[in-house]
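Q: Please take a close look at one part of this model. I would like the details on one helix, its ends and its surroundings.

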Amino acid sequence: MKAKLYRSPKTLFDLWHKYQFGLSGCKAAKEFTLEERGKVKSVFCRRKVFWDVISSLVNAGHTSEVAIDKVYACYGRGKSVTTILLNMVQDRKSGGH
């Protein structure tokens, strides 16, 4: 299966779905090998912050939909996926939201 990350997901729900299941016949991002992650390193690393947050909320008992809604509530539903991800990266660097 091909390892590919789409350039501009429209929603955080799309981003999570790509991580869990893949899209359009491509491999799920959570199954990327070290080499595959390296080919898309900056995009993968930026998105990994989001994937880690959703994974931890799911592990705490939330559904993925509720977890993603929590992220939207925190960072703003009207903001772009890129803006939310950049804010999440900044928050992680400064000790969390």
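A: What follows starts with one helix and then moves to its surroundings.

This is a predicted model. Start with helix α1, which spans residues 12-21. Which of its residues are buried? They are Leu12, Leu15, Trp16, Lys18 and Tyr19. Around the helix axis they cover an arc of only 155 degrees, which puts them on the same side of α1. The general background is simple. An α-helix has 3.6 residues a turn, so residues three or four places apart point the same way.

Next, the cover. The buried residues of α1 are covered by elements that include α3 (41-59), α4 (64-75) and α5 (81-93).

Now the two ends of α1. Thr11 caps the N-terminal end. One of its side-chain oxygens lies 3.3 Å from the backbone nitrogen of Phe13. After α1 comes Gly22. The phi of Gly22 is positive, near 80 degrees.

Two of the covering helices, α4 and α5, also deserve a look as a pair. Their axes come within 11 Å and cross at roughly 85 degrees. An angle of 65 to 115 degrees counts as roughly perpendicular, and α4 and α5 are therefore roughly perpendicular to each other. On the α4 side, the contact is made by Val71, Tyr72 and Tyr75. On the α5 side, Ile84, Asn87, Met88 and Asp91 take part. By class, the residues of this contact divide into 5 nonpolar, 1 polar and 1 charged.

Stay on α5 for one more residue. Leu86 is found in this helix. Is Leu86 buried, exposed or partly exposed? Its relative accessibility is 42%, so Leu86 counts as partly exposed. Leu86 and Arg46 are 40 residues apart along the chain. Their C-alpha atoms are separated by 7.3 Å.

One more site is worth a stop. Glu36 sits in helix α2, residues 34-39. Its relative accessibility is 19%. Buried means under 20%, so Glu36 counts as buried. What does the side chain of Glu36 make a polar contact with? Its partner is the side chain of Lys27, at 2.9 Å. A polar atom of the Glu36 side chain also lies 2.8 Å from the backbone nitrogen of Thr33. Leaving aside neighbours within four places in sequence, Glu36 is in contact with Ala3, Lys27 and Glu31.

Notes: Residues numbered from 1 in each chain as written. Predicted model: local features only at pLDDT ≥ 70, side-chain atom pairs only at ≥ 80, totals over all residues. Heavy atoms only, no water. Buried < 20%, exposed > 50% of the residue type's maximum accessible area, 1.4 Å probe, protein only. Helix = DSSP H or I, 4+ residues; strand = E, 2+ residues; numbered from the N terminus. Arc of directions from axis to C-beta. Contact = heavy atoms within 4.5 Å. Polar contact = N/O pair within 3.5 Å; in protein donor to acceptor, adjacent residues only side chain to side chain. Axes fitted to C-alpha atoms, helices over the stretch in contact; angles between N-to-C directions. Parallel < 35°, antiparallel > 145°, perpendicular 65-115°, else oblique. Nonpolar A, V, L, I, M, F, W, Y, C, P; charged D, E, K, R; others polar.
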